[in-house]
Amino acid sequence: MRSLTVNEDSRLSLWLHVREFAVPPPMIESATARRLSGDWAGACAAAHVDVDLDLRSAARAHGGELASRVRDDLRRLAPDLLRWHMPRIAPDGLLRPGLTVSLARYRPASHGGGGTVHLVARTPPAWADAGQRISLALWDGSRSGAGAHPHPRPHRCFRLDLHRHLWDARRVGELRVRSGADRPPADGRPPAGLGVPLERGCAVDRWAAEARTLLREEGLTGGAVAVRLGGRRRLVLEPEADGDTRGLPASRITAAPARGGGRALPVLPDAATWVLPDLALLRAGLIEADRLHPLVASALVPGRPPGGASRLPGGTAGRRLVECRGARHRIGLVDGVLVALDHDPAEIRREKLLAALTGTPLPCLRVIDEEHRDPESLADVRARLDHGDATGALTVVEDLLDSGAPLPAGTLRDELETAALRRIAYGLFRAGLAEAGQGPAPRPDRRPSGSRARPRHTMFR
(Lines give C-alpha, C1' and ligand atoms only; values in the text may rest on other atoms or scores of the structure.)
Protein backbone atom coordinates (compact mmCIF):
# COMPACT_ATOMS: atom_id res chain seq x y z
CA MET A 1 0.00 0.00 0.00
CA ARG A 2 1.38 3.41 -0.92
CA SER A 3 2.12 5.87 1.84
CA LEU A 4 0.16 9.07 2.29
CA THR A 5 3.24 11.03 1.23
CA VAL A 6 3.37 9.14 -2.07
CA ASN A 7 -0.34 9.79 -2.62
CA GLU A 8 0.11 13.48 -1.97
CA ASP A 9 3.18 13.72 -4.19
CA SER A 10 1.28 11.95 -6.99
CA ARG A 11 -1.62 14.34 -6.63
CA LEU A 12 0.62 17.40 -6.76
CA SER A 13 2.60 16.04 -9.70
CA LEU A 14 -0.59 15.49 -11.64
CA TRP A 15 -1.87 19.00 -10.96
CA LEU A 16 1.49 20.52 -11.84
CA HIS A 17 1.23 18.76 -15.21
CA VAL A 18 -2.35 20.01 -15.63
CA ARG A 19 -1.34 23.58 -14.87
CA GLU A 20 1.43 23.39 -17.46
CA PHE A 21 -0.64 22.09 -20.36
CA ALA A 22 -4.42 22.04 -19.78
CA VAL A 23 -5.27 25.76 -20.02
CA PRO A 24 -2.53 27.51 -22.04
CA PRO A 25 -1.89 31.23 -21.51
CA PRO A 26 -2.96 32.23 -25.07
CA MET A 27 -6.37 30.65 -24.40
CA ILE A 28 -6.73 32.59 -21.13
CA GLU A 29 -5.69 35.85 -22.78
CA SER A 30 -8.07 35.45 -25.72
CA ALA A 31 -11.04 34.34 -23.61
CA THR A 32 -10.46 37.15 -21.11
CA ALA A 33 -10.28 39.82 -23.81
CA ARG A 34 -13.55 38.67 -25.36
CA ARG A 35 -15.30 38.37 -22.00
CA LEU A 36 -14.27 41.86 -20.96
CA SER A 37 -15.62 43.20 -24.25
CA GLY A 38 -19.01 41.68 -23.47
CA ASP A 39 -18.73 38.82 -25.97
CA TRP A 40 -19.50 35.82 -23.74
CA ALA A 41 -20.06 33.53 -26.74
CA GLY A 42 -16.67 34.53 -28.19
CA ALA A 43 -15.05 33.88 -24.81
CA CYS A 44 -16.54 30.39 -24.82
CA ALA A 45 -15.24 29.75 -28.32
CA ALA A 46 -11.75 30.87 -27.29
CA ALA A 47 -11.82 28.48 -24.31
CA HIS A 48 -13.04 25.54 -26.46
CA VAL A 49 -16.48 25.57 -24.86
CA ASP A 50 -19.43 24.73 -27.12
CA VAL A 51 -22.74 26.47 -26.37
CA ASP A 52 -25.72 24.12 -26.68
CA LEU A 53 -28.44 26.43 -25.41
CA ASP A 54 -30.73 29.03 -26.90
CA LEU A 55 -31.98 31.83 -24.67
CA ARG A 56 -35.09 32.45 -26.76
CA SER A 57 -36.10 28.81 -26.48
CA ALA A 58 -35.39 28.98 -22.74
CA ALA A 59 -37.67 32.01 -22.42
CA ARG A 60 -40.49 30.22 -24.23
CA ALA A 61 -40.09 27.07 -22.14
CA HIS A 62 -39.36 28.54 -18.71
CA GLY A 63 -40.21 32.23 -18.82
CA GLY A 64 -38.37 35.44 -19.57
CA GLU A 65 -37.20 35.93 -15.98
CA LEU A 66 -35.33 32.64 -15.95
CA ALA A 67 -33.82 33.32 -19.38
CA SER A 68 -32.66 36.72 -18.12
CA ARG A 69 -30.94 35.09 -15.13
CA VAL A 70 -29.22 32.60 -17.40
CA ARG A 71 -28.05 35.41 -19.69
CA ASP A 72 -26.62 37.29 -16.69
CA ASP A 73 -24.73 34.19 -15.56
CA LEU A 74 -23.34 33.65 -19.05
CA ARG A 75 -22.00 37.19 -18.98
CA ARG A 76 -20.35 36.44 -15.64
CA LEU A 77 -18.93 33.13 -16.84
CA ALA A 78 -15.16 32.97 -17.33
CA PRO A 79 -15.01 29.80 -19.48
CA ASP A 80 -11.23 29.55 -19.17
CA LEU A 81 -11.61 29.65 -15.37
CA LEU A 82 -14.26 26.93 -15.59
CA ARG A 83 -11.86 24.78 -17.63
CA TRP A 84 -9.15 25.49 -15.04
CA HIS A 85 -11.31 24.06 -12.23
CA MET A 86 -13.16 21.23 -14.00
CA PRO A 87 -12.76 17.73 -12.44
CA ARG A 88 -9.91 15.69 -13.89
CA ILE A 89 -8.63 12.12 -13.74
CA ALA A 90 -5.30 10.39 -13.39
CA PRO A 91 -2.90 9.56 -14.91
CA ASP A 92 -2.81 12.38 -17.51
CA GLY A 93 -5.01 15.00 -15.83
CA LEU A 94 -7.56 14.96 -18.64
CA LEU A 95 -11.12 16.17 -18.09
CA ARG A 96 -13.25 13.61 -16.30
CA PRO A 97 -15.15 12.05 -19.23
CA GLY A 98 -18.91 11.72 -19.60
CA LEU A 99 -19.60 14.20 -16.79
CA THR A 100 -22.41 16.72 -16.29
CA VAL A 101 -21.61 19.48 -13.78
CA SER A 102 -24.25 21.87 -12.46
CA LEU A 103 -23.04 25.48 -12.54
CA ALA A 104 -26.25 27.20 -11.42
CA ARG A 105 -29.79 26.22 -10.47
CA TYR A 106 -32.93 28.16 -11.33
CA ARG A 107 -36.46 27.69 -10.09
CA PRO A 108 -38.88 28.86 -12.78
CA ALA A 109 -41.70 31.27 -11.97
CA SER A 110 -45.29 30.30 -12.67
CA HIS A 111 -44.71 30.53 -16.44
CA GLY A 112 -44.34 27.07 -17.88
CA GLY A 113 -44.24 25.41 -14.47
CA GLY A 114 -41.80 22.55 -14.08
CA GLY A 115 -39.03 21.93 -11.60
CA THR A 116 -35.49 23.18 -11.17
CA VAL A 117 -33.51 24.10 -14.28
CA HIS A 118 -29.72 23.74 -14.26
CA LEU A 119 -27.05 25.51 -16.25
CA VAL A 120 -24.66 22.62 -16.82
CA ALA A 121 -21.21 21.99 -18.24
CA ARG A 122 -20.67 18.63 -19.92
CA THR A 123 -17.62 16.66 -21.01
CA PRO A 124 -17.83 14.08 -23.82
CA PRO A 125 -17.31 10.35 -23.18
CA ALA A 126 -13.72 9.08 -23.24
CA TRP A 127 -13.97 7.70 -26.78
CA ALA A 128 -14.78 11.19 -28.08
CA ASP A 129 -12.60 13.31 -25.80
CA ALA A 130 -10.13 14.50 -28.44
CA GLY A 131 -9.81 18.25 -28.16
CA GLN A 132 -10.91 18.15 -24.50
CA ARG A 133 -13.91 20.33 -25.25
CA ILE A 134 -16.67 21.31 -22.82
CA SER A 135 -20.28 22.10 -23.69
CA LEU A 136 -22.82 24.35 -21.96
CA ALA A 137 -26.51 23.49 -21.85
CA LEU A 138 -29.69 23.85 -19.82
CA TRP A 139 -31.08 20.73 -18.14
CA ASP A 140 -34.67 20.58 -16.88
CA GLY A 141 -34.88 16.91 -15.95
CA SER A 142 -35.40 15.53 -19.44
CA ARG A 143 -32.96 14.20 -22.03
CA SER A 144 -33.92 17.07 -24.30
CA GLY A 145 -30.78 18.60 -25.80
CA ALA A 146 -28.47 15.99 -24.25
CA GLY A 147 -27.99 14.10 -27.52
CA ALA A 148 -25.83 11.01 -27.12
CA HIS A 149 -24.34 12.11 -23.80
CA PRO A 150 -24.15 9.06 -21.49
CA HIS A 151 -24.91 10.96 -18.25
CA PRO A 152 -27.05 14.06 -18.88
CA ARG A 153 -28.14 14.36 -15.23
CA PRO A 154 -25.94 16.63 -13.06
CA HIS A 155 -23.57 14.63 -10.86
CA ARG A 156 -24.31 14.89 -7.12
CA CYS A 157 -20.65 14.96 -6.14
CA PHE A 158 -19.09 16.99 -8.97
CA ARG A 159 -21.13 20.19 -8.77
CA LEU A 160 -20.10 23.84 -8.91
CA ASP A 161 -23.42 25.59 -8.23
CA LEU A 162 -22.28 25.95 -4.60
CA HIS A 163 -18.83 27.11 -5.74
CA ARG A 164 -19.54 29.91 -8.19
CA HIS A 165 -16.16 31.44 -7.40
CA LEU A 166 -14.64 28.64 -9.51
CA TRP A 167 -16.28 29.92 -12.70
CA ASP A 168 -17.95 33.30 -12.01
CA ALA A 169 -15.46 36.12 -12.69
CA ARG A 170 -17.31 38.52 -10.37
CA ARG A 171 -17.14 36.19 -7.39
CA VAL A 172 -13.62 34.82 -7.77
CA GLY A 173 -12.55 36.94 -4.80
CA GLU A 174 -14.37 34.46 -2.56
CA LEU A 175 -11.79 31.84 -3.51
CA ARG A 176 -9.36 32.97 -0.82
CA VAL A 177 -11.79 32.33 2.03
CA ARG A 178 -13.57 29.31 0.54
CA SER A 179 -10.23 27.56 -0.12
CA GLY A 180 -8.83 28.31 3.33
CA ALA A 181 -5.97 30.38 1.92
CA ASP A 182 -6.72 33.11 4.46
CA ARG A 183 -5.67 30.81 7.32
CA PRO A 184 -2.51 28.84 8.10
CA PRO A 185 -2.55 25.30 6.73
CA ALA A 186 -4.04 22.62 8.96
CA ASP A 187 -1.59 20.40 10.84
CA GLY A 188 -2.92 17.30 9.08
CA ARG A 189 -4.53 15.79 12.17
CA PRO A 190 -8.21 14.80 11.89
CA PRO A 191 -10.72 16.60 14.12
CA ALA A 192 -11.35 15.12 17.54
CA GLY A 193 -13.79 12.25 17.39
CA LEU A 194 -13.40 11.62 13.67
CA GLY A 195 -11.86 8.25 14.41
CA VAL A 196 -10.66 7.31 10.92
CA PRO A 197 -7.41 8.03 9.03
CA LEU A 198 -7.66 10.61 6.27
CA GLU A 199 -5.50 11.13 3.21
CA ARG A 200 -3.36 14.21 3.05
CA GLY A 201 -5.05 16.74 0.85
CA CYS A 202 -8.43 16.56 2.57
CA ALA A 203 -9.77 20.03 3.38
CA VAL A 204 -10.93 18.86 6.83
CA ASP A 205 -10.80 22.35 8.32
CA ARG A 206 -13.38 23.53 5.74
CA TRP A 207 -15.77 20.57 5.92
CA ALA A 208 -18.02 21.93 8.66
CA ALA A 209 -18.64 25.28 6.96
CA GLU A 210 -19.10 23.67 3.55
CA ALA A 211 -21.47 21.07 5.00
CA ARG A 212 -23.65 23.81 6.49
CA THR A 213 -23.70 25.60 3.12
CA LEU A 214 -24.81 22.37 1.46
CA LEU A 215 -27.54 21.72 4.03
CA ARG A 216 -28.92 25.26 3.63
CA GLU A 217 -29.03 24.84 -0.14
CA GLU A 218 -30.98 21.62 0.34
CA GLY A 219 -33.49 23.43 2.57
CA LEU A 220 -32.32 21.67 5.74
CA THR A 221 -31.59 23.34 9.07
CA GLY A 222 -29.31 20.53 10.24
CA GLY A 223 -28.39 16.93 9.77
CA ALA A 224 -25.58 14.92 8.23
CA VAL A 225 -23.84 14.89 4.87
CA ALA A 226 -21.93 12.16 3.06
CA VAL A 227 -18.27 12.76 2.25
CA ARG A 228 -16.77 10.74 -0.59
CA LEU A 229 -13.05 10.14 -0.29
CA GLY A 230 -12.65 8.15 -3.48
CA GLY A 231 -12.98 4.47 -4.25
CA ARG A 232 -15.26 2.91 -1.66
CA ARG A 233 -14.39 5.20 1.25
CA ARG A 234 -17.24 7.25 2.68
CA LEU A 235 -17.84 9.29 5.80
CA VAL A 236 -21.07 10.47 7.33
CA LEU A 237 -20.38 13.94 8.65
CA GLU A 238 -22.58 15.99 10.96
CA PRO A 239 -21.50 19.62 11.49
CA GLU A 240 -21.84 21.03 14.98
CA ALA A 241 -23.09 24.53 15.65
CA ASP A 242 -19.64 25.64 16.83
CA GLY A 243 -17.99 24.55 13.61
CA ASP A 244 -16.54 21.25 14.81
CA THR A 245 -17.41 18.03 13.00
CA ARG A 246 -18.52 14.66 14.15
CA GLY A 247 -17.94 11.76 11.77
CA LEU A 248 -18.09 8.02 11.58
CA PRO A 249 -17.06 5.66 8.81
CA ALA A 250 -19.70 4.71 6.25
CA SER A 251 -17.78 2.19 4.23
CA ARG A 252 -19.00 0.68 0.94
CA ILE A 253 -22.09 2.82 0.55
CA THR A 254 -22.90 5.49 -1.97
CA ALA A 255 -25.34 7.49 0.12
CA ALA A 256 -26.32 6.54 3.66
CA PRO A 257 -30.01 6.89 4.62
CA ALA A 258 -30.72 10.03 6.57
CA ARG A 259 -31.71 9.56 10.18
CA GLY A 260 -35.42 9.11 10.50
CA GLY A 261 -36.12 10.47 7.04
CA GLY A 262 -35.52 7.86 4.39
CA ARG A 263 -34.05 10.28 1.85
CA ALA A 264 -30.45 10.00 0.69
CA LEU A 265 -27.87 12.09 2.47
CA PRO A 266 -26.64 15.20 0.64
CA VAL A 267 -23.12 14.64 -0.74
CA LEU A 268 -20.40 17.16 0.08
CA PRO A 269 -19.19 18.53 -3.27
CA ASP A 270 -15.83 17.26 -4.41
CA ALA A 271 -14.59 20.86 -4.65
CA ALA A 272 -15.15 21.17 -0.89
CA THR A 273 -13.68 17.79 0.01
CA TRP A 274 -10.11 18.37 -1.11
CA VAL A 275 -7.63 21.22 -0.69
CA LEU A 276 -7.66 23.49 -3.75
CA PRO A 277 -4.89 22.13 -6.02
CA ASP A 278 -3.41 25.59 -6.67
CA LEU A 279 -3.22 26.31 -2.95
CA ALA A 280 -1.52 22.96 -2.33
CA LEU A 281 1.00 23.64 -5.12
CA LEU A 282 1.76 27.12 -3.77
CA ARG A 283 2.24 25.86 -0.21
CA ALA A 284 4.50 23.06 -1.43
CA GLY A 285 6.64 25.58 -3.32
CA LEU A 286 6.05 23.78 -6.62
CA ILE A 287 4.53 26.67 -8.55
CA GLU A 288 4.75 30.46 -8.63
CA ALA A 289 1.73 32.74 -8.72
CA ASP A 290 2.58 33.94 -12.23
CA ARG A 291 1.98 30.41 -13.55
CA LEU A 292 -1.57 30.33 -12.18
CA HIS A 293 -4.69 31.62 -13.87
CA PRO A 294 -4.61 35.41 -13.32
CA LEU A 295 -7.95 35.41 -11.48
CA VAL A 296 -6.81 32.57 -9.22
CA ALA A 297 -3.45 34.23 -8.54
CA SER A 298 -5.10 37.54 -7.60
CA ALA A 299 -7.34 35.75 -5.10
CA LEU A 300 -4.77 33.45 -3.51
CA VAL A 301 -1.83 35.86 -3.53
CA PRO A 302 -3.37 39.34 -3.17
CA GLY A 303 -1.10 42.24 -3.99
CA ARG A 304 1.13 40.21 -6.28
CA PRO A 305 0.30 40.86 -9.94
CA PRO A 306 0.45 37.64 -11.95
CA GLY A 307 2.52 37.57 -15.10
CA GLY A 308 0.89 37.05 -18.45
CA ALA A 309 3.81 35.74 -20.50
CA SER A 310 3.21 32.65 -22.57
CA ARG A 311 5.08 29.54 -21.50
CA LEU A 312 5.32 28.09 -25.01
CA PRO A 313 8.86 27.04 -25.86
CA GLY A 314 10.69 28.52 -28.81
CA GLY A 315 14.23 29.27 -29.86
CA THR A 316 15.85 28.36 -26.54
CA ALA A 317 17.25 24.88 -27.23
CA GLY A 318 20.94 24.40 -26.48
CA ARG A 319 23.49 23.37 -29.07
CA ARG A 320 24.46 19.71 -29.53
CA LEU A 321 27.74 18.16 -30.69
CA VAL A 322 27.78 15.49 -33.40
CA GLU A 323 30.66 13.30 -34.60
CA CYS A 324 30.70 14.09 -38.33
CA ARG A 325 33.43 12.79 -40.68
CA GLY A 326 36.14 12.74 -38.06
CA ALA A 327 35.26 16.09 -36.48
CA ARG A 328 32.90 17.33 -33.79
CA HIS A 329 30.25 19.56 -35.35
CA ARG A 330 27.51 21.64 -33.78
CA ILE A 331 23.80 21.63 -34.51
CA GLY A 332 21.42 24.19 -33.00
CA LEU A 333 18.50 26.50 -33.55
CA VAL A 334 18.87 29.50 -35.85
CA ASP A 335 15.74 31.65 -36.16
CA GLY A 336 13.77 28.74 -34.72
CA VAL A 337 15.10 26.18 -37.22
CA LEU A 338 17.45 23.30 -36.34
CA VAL A 339 20.52 23.56 -38.60
CA ALA A 340 24.07 22.19 -38.98
CA LEU A 341 26.20 25.12 -37.82
CA ASP A 342 29.56 23.92 -39.18
CA HIS A 343 28.51 23.28 -42.80
CA ASP A 344 28.02 26.06 -45.33
CA PRO A 345 24.67 26.33 -47.19
CA ALA A 346 26.13 25.12 -50.51
CA GLU A 347 27.47 21.94 -48.89
CA ILE A 348 24.12 21.35 -47.19
CA ARG A 349 22.29 21.67 -50.55
CA ARG A 350 24.67 19.18 -52.19
CA GLU A 351 24.31 16.70 -49.35
CA LYS A 352 20.51 16.94 -49.39
CA LEU A 353 20.52 16.32 -53.14
CA LEU A 354 22.79 13.31 -52.64
CA ALA A 355 20.47 11.93 -49.94
CA ALA A 356 17.48 12.38 -52.26
CA LEU A 357 19.33 10.21 -54.81
CA THR A 358 19.64 7.41 -52.18
CA GLY A 359 23.08 8.50 -51.04
CA THR A 360 24.22 8.59 -47.42
CA PRO A 361 23.66 12.01 -45.86
CA LEU A 362 26.06 13.76 -43.52
CA PRO A 363 25.89 12.64 -39.86
CA CYS A 364 24.80 16.17 -38.93
CA LEU A 365 21.87 15.95 -41.37
CA ARG A 366 20.97 12.47 -40.11
CA VAL A 367 20.78 13.76 -36.52
CA ILE A 368 18.59 16.69 -37.60
CA ASP A 369 16.31 14.37 -39.59
CA GLU A 370 15.97 12.01 -36.61
CA GLU A 371 15.21 14.95 -34.34
CA HIS A 372 12.45 16.01 -36.72
CA ARG A 373 10.98 12.50 -36.85
CA ASP A 374 11.16 11.70 -33.12
CA PRO A 375 12.16 14.89 -31.29
CA GLU A 376 13.04 15.31 -27.63
CA SER A 377 10.05 17.65 -27.44
CA LEU A 378 7.67 14.84 -28.48
CA ALA A 379 6.41 14.43 -24.90
CA ASP A 380 5.58 18.14 -24.84
CA VAL A 381 3.73 17.89 -28.15
CA ARG A 382 1.79 14.84 -26.93
CA ALA A 383 0.77 16.58 -23.72
CA ARG A 384 -0.52 19.61 -25.59
CA LEU A 385 -2.45 17.44 -28.07
CA ASP A 386 -3.92 15.34 -25.24
CA HIS A 387 -5.22 18.48 -23.55
CA GLY A 388 -6.65 19.92 -26.76
CA ASP A 389 -3.99 22.59 -27.30
CA ALA A 390 -3.43 21.99 -31.00
CA THR A 391 -2.17 25.56 -31.46
CA GLY A 392 0.50 25.12 -28.81
CA ALA A 393 1.53 21.76 -30.25
CA LEU A 394 1.91 23.24 -33.73
CA THR A 395 3.96 26.10 -32.29
CA VAL A 396 6.38 23.57 -30.83
CA VAL A 397 6.56 21.79 -34.20
CA GLU A 398 7.11 25.04 -36.10
CA ASP A 399 9.91 25.99 -33.70
CA LEU A 400 11.49 22.66 -34.60
CA LEU A 401 10.91 22.58 -38.36
CA ASP A 402 10.10 26.14 -39.47
CA SER A 403 6.54 26.95 -40.51
CA GLY A 404 7.11 26.17 -44.20
CA ALA A 405 9.07 22.93 -43.82
CA PRO A 406 7.47 19.58 -44.71
CA LEU A 407 6.88 17.20 -41.83
CA PRO A 408 8.90 13.99 -42.37
CA ALA A 409 7.45 10.56 -41.69
CA GLY A 410 7.98 9.39 -38.14
CA THR A 411 6.57 9.44 -34.61
CA LEU A 412 5.93 13.18 -34.63
CA ARG A 413 3.82 13.07 -37.78
CA ASP A 414 2.00 9.98 -36.48
CA GLU A 415 1.04 11.87 -33.34
CA LEU A 416 -0.35 14.83 -35.28
CA GLU A 417 -2.27 12.60 -37.70
CA THR A 418 -3.75 10.53 -34.86
CA ALA A 419 -4.86 13.69 -33.05
CA ALA A 420 -6.58 14.93 -36.21
CA LEU A 421 -8.38 11.61 -36.72
CA ARG A 422 -9.54 11.48 -33.09
CA ARG A 423 -11.10 14.92 -33.50
CA ILE A 424 -13.41 13.33 -36.06
CA ALA A 425 -14.85 11.13 -33.29
CA TYR A 426 -15.81 14.23 -31.31
CA GLY A 427 -17.54 15.71 -34.34
CA LEU A 428 -19.49 12.49 -34.88
CA PHE A 429 -20.46 12.44 -31.20
CA ARG A 430 -21.67 16.04 -31.37
CA ALA A 431 -23.72 15.22 -34.46
CA GLY A 432 -25.15 12.07 -32.87
CA LEU A 433 -23.71 9.94 -35.68
CA ALA A 434 -21.46 7.63 -33.66
CA GLU A 435 -21.53 5.67 -30.45
CA ALA A 436 -18.85 4.28 -28.15
CA GLY A 437 -16.22 2.28 -29.98
CA GLN A 438 -16.91 3.79 -33.42
CA GLY A 439 -14.30 6.54 -33.27
CA PRO A 440 -10.64 6.27 -34.33
CA ALA A 441 -8.45 4.07 -32.16
CA PRO A 442 -6.69 5.78 -29.26
CA ARG A 443 -2.94 6.19 -29.19
CA PRO A 444 -1.44 2.78 -28.37
CA ASP A 445 0.76 4.02 -25.51
CA ARG A 446 -2.14 5.51 -23.53
CA ARG A 447 -5.01 3.42 -22.27
CA PRO A 448 -8.20 5.50 -22.54
CA SER A 449 -9.96 6.17 -19.24
CA GLY A 450 -13.20 4.99 -20.76
CA SER A 451 -11.80 1.46 -21.08
CA ARG A 452 -11.39 1.14 -17.34
CA ALA A 453 -14.20 -0.20 -15.23
CA ARG A 454 -13.55 2.62 -12.76
CA PRO A 455 -11.65 5.71 -14.00
CA ARG A 456 -8.74 6.47 -11.72
CA HIS A 457 -9.85 9.83 -10.36
CA THR A 458 -9.23 9.18 -6.67
CA MET A 459 -7.92 12.33 -5.01
CA PHE A 460 -7.76 14.10 -8.37
CA ARG A 461 -10.79 16.34 -8.66
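A cavity is a set of grid points where a 1.4 Å probe fits but cannot get out. The views below come from a predicted model.

**View 1. Cavities across the whole structure.** Searching the whole structure turns up six cavities of 30 Å³ or more. The largest cavity holds about 130 Å³ of space. Its lining comprises 15 residues. Arg178, Ser179, Ala271, Ala272 and Trp274 are the closest of these to the cavity centre.

**View 2. The lining of the largest cavity.** Three helices, α7 (175-178), α8 (204-217) and α9 (270-273), each give at least two residues to the lining of the largest cavity. Sorted by class, eight lining residues are nonpolar. Three more are polar, and four are charged.

**View 3. Strand β6, covered on both faces.** β6 spans residues 134-139. Six of its six residues are buried, so the strand counts as mostly covered. One side of β6 carries Ile134, Leu136 and Leu138. The other side carries Ser135, Ala137 and Trp139. Both faces are covered, and the residues named on each are all buried.

**View 4. Strand β1 beside β6.** β1 covers residues 49-51. Three bridges join β1 to β6, and the two strands run parallel. Asp50 has Ser135 of β6 as its bridge partner. Ser135 is buried, on the side of β6 that also holds Ala137 and Trp139.

**View 5. Strand β5 beside β6.** β5 takes in residues 117-122. It runs antiparallel to β6, and five bridges join the pair. For His118, the bridge partner in β6 is Trp139. Both residues of this bridge are buried: His118 in β5 and Trp139 in β6.

**View 6. Strand β5, enclosed.** Because six of the six residues of β5 are buried, the strand is largely enclosed by the rest of the structure. Val117, Leu119 and Ala121 point one way from β5. His118, Val120 and Arg122 point the other way. All of these are buried, Arg122 and His118 included.

**View 7. Strand β4 beside β5.** β4 is made up of residues 100-106. Six bridges pair β4 with β5 in the antiparallel sense. Tyr106 stands opposite Val117 of β5. Val117 is buried and points the same way from β5 as Leu119 and Ala121. β5 thus pairs with β4 and is also joined to β6.

Terms used:
Residues numbered from 1 in each chain as written. Predicted model: local features only at pLDDT ≥ 70, side-chain atom pairs only at ≥ 80, totals over all residues. Heavy atoms only, no water. Buried < 20%, exposed > 50% of the residue type's maximum accessible area, 1.4 Å probe, protein only. Helix = DSSP H or I, 4+ residues; strand = E, 2+ residues; numbered from the N terminus. Pairing = 2+ DSSP bridges. 1 Å grid on protein atoms, 1.4 Å probe; cavity = no way out; pocket = protein on both sides within 12 Å on 5 of 7 lines; lining within 4 Å. Points joined across faces, edges and corners; volume = space filled by probe spheres on them. Nonpolar A, V, L, I, M, F, W, Y, C, P; charged D, E, K, R; others polar.
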